[in-house]
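I opened the notebook to record what I looked up, entry by entry. The structure comes first and my notes follow.

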Amino acid sequence: MELQARCLFCVAMLLVAGVATVHGAGECGRVPVDQVALKLAPCAAATQNPRAKVPPSCCAQVRAIGRNPKCLCAVMLSDTARKAGVKPAVAMTIPKRCAIANRPVGYKCGPYTLP
């Protein structure tokens, strides 16, 4: 009986560890989306006005984050972005406005599509 209890305990611990691992990685890997969103601070004006010049520092961050379109999408639609006044429809245009050649054109991001 004691052996069965130990085996059951081991299986339970493996299940808990597996669940923790799954929840430990999100759209942006192990870094929380809201933390990644803070890196887009240089993009503030460009996310609110489609005619605003996009600073090179913004383009660099979008290029880096955009290597993972799922992460870029999650960042642009995050609570942090929303609280900062980001207009998602305008934010989705930034990769194109930065002339990022390998941007994920046509990627569905919630109700938006990256141009």
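**Entry 1: disulfides.** I began with the term itself: a disulfide is a pair of cysteine sulfur atoms within 2.5 Å. What I am reading is a predicted model, so I treat each value as computed from that model. I looked up Cys73 and Cys109, and their sulfur atoms are 2.0 Å apart. The pair therefore counts as a disulfide, since the cut-off is 2.5 Å. About the S-S bond of Cys73 and Cys109 I read 110°, a right-handed link. Cys73 sits in helix H4 and Cys109 in strand E1, so the disulfide ties together parts that are 36 residues apart in sequence.

I then asked whether these two cysteines are buried or exposed. Cys73 has a relative accessible area of 11% and Cys109 has 1%. Buried means under 20%, so Cys73 and Cys109 both count as buried.

**Entry 2: the other pairs I looked up.** How many disulfides does a search of the whole structure find? I noted 4.

One of them joins Cys43 to Cys58, with 1.9 Å from S to S. The torsion about that S-S bond is about 105°, so this disulfide is right-handed. Cys43 is in the loop between H2 and H3, while Cys58 is in helix H3. They are 15 residues apart, and the pair links distant parts of the chain. Cys43 is buried at 1% relative accessibility, and Cys58 is buried at 0%.

Another disulfide joins Cys59 to Cys98, with an S to S distance of 2.1 Å. Here I read -85° about the S-S bond, and the link is left-handed. Cys59 lies in helix H3, and Cys98 lies in the loop between H7 and strand E1 (108-109). This pair spans 39 residues and also links distant parts of the chain. Cys59 counts as buried at 9%, and Cys98 counts as buried at 9%.

I counted the bonded cysteines along the chain to write down the pattern, which is 1-5, 2-3, 4-7, 6-8.

**Entry 3: the core.** Which residues have the most contacts inside the largest nonpolar core? I wrote down Val54, Val62, Ile65, Val75 and Ile94. This core has 27 residues. Helix H2 (33-37), helix H3 (56-65) and helix H4 (69-76) each supply at least two of them. The largest share comes from H4, with 6 residues.

I picked Ile65 from that list and looked up its contacts, leaving aside neighbours within four places in sequence. Ile65 is in contact with Val36, Leu40, Cys71, Leu72 and Val75.

**Entry 4: a proline.** I went on to Pro95, which lies in helix H7 (residues 94-97). Its relative accessibility is 4%, and buried means under 20%, so Pro95 is buried. What is Pro95 in contact with, once neighbours within four places in sequence are left aside? I listed Val62, Leu72, Met76, Ile100, Arg103 and Leu114. I also checked the C-alpha atoms of Pro95 and Arg63: they are separated by 7.3 Å, although the two residues are 32 apart along the chain.

**Entry 5: a salt bridge.** The count of salt bridges comes to 1. The side chains of Asp79 and Arg82 meet in it, at 3.4 Å from N to O. The cut-off for this distance is 4 Å, so the pair qualifies. Both residues lie in helix H5 (residues 79-83), 3 residues apart, which is about one turn of the helix.

I looked up how accessible the two partners are. Arg82 has a relative accessible area of 53%, and exposed means over 50%, so Arg82 is exposed. Asp79, at 42%, falls between the two cut-offs of 20% and 50% and is therefore partly exposed.

**Entry 6: confidence.** Last, I looked up how confident the predictor is. The mean pLDDT of the protein is 84, and 79% of its residues reach 70 or more. Over residues 1-22 the pLDDT is below 50. Beyond near neighbours in sequence, that stretch has 0 contacts in the model.

Methods
Residues numbered from 1 in each chain as written. Predicted model: local features only at pLDDT ≥ 70, side-chain atom pairs only at ≥ 80, totals over all residues. Heavy atoms only, no water. Core = buried A, V, L, I, M, F, W, Y, C linked by side-chain atoms within 4.5 Å. Buried < 20%, exposed > 50% of the residue type's maximum accessible area, 1.4 Å probe, protein only. Helix = DSSP H or I, 4+ residues; strand = E, 2+ residues; numbered from the N terminus. Contact = heavy atoms within 4.5 Å. pLDDT = per-residue confidence, 0-100.
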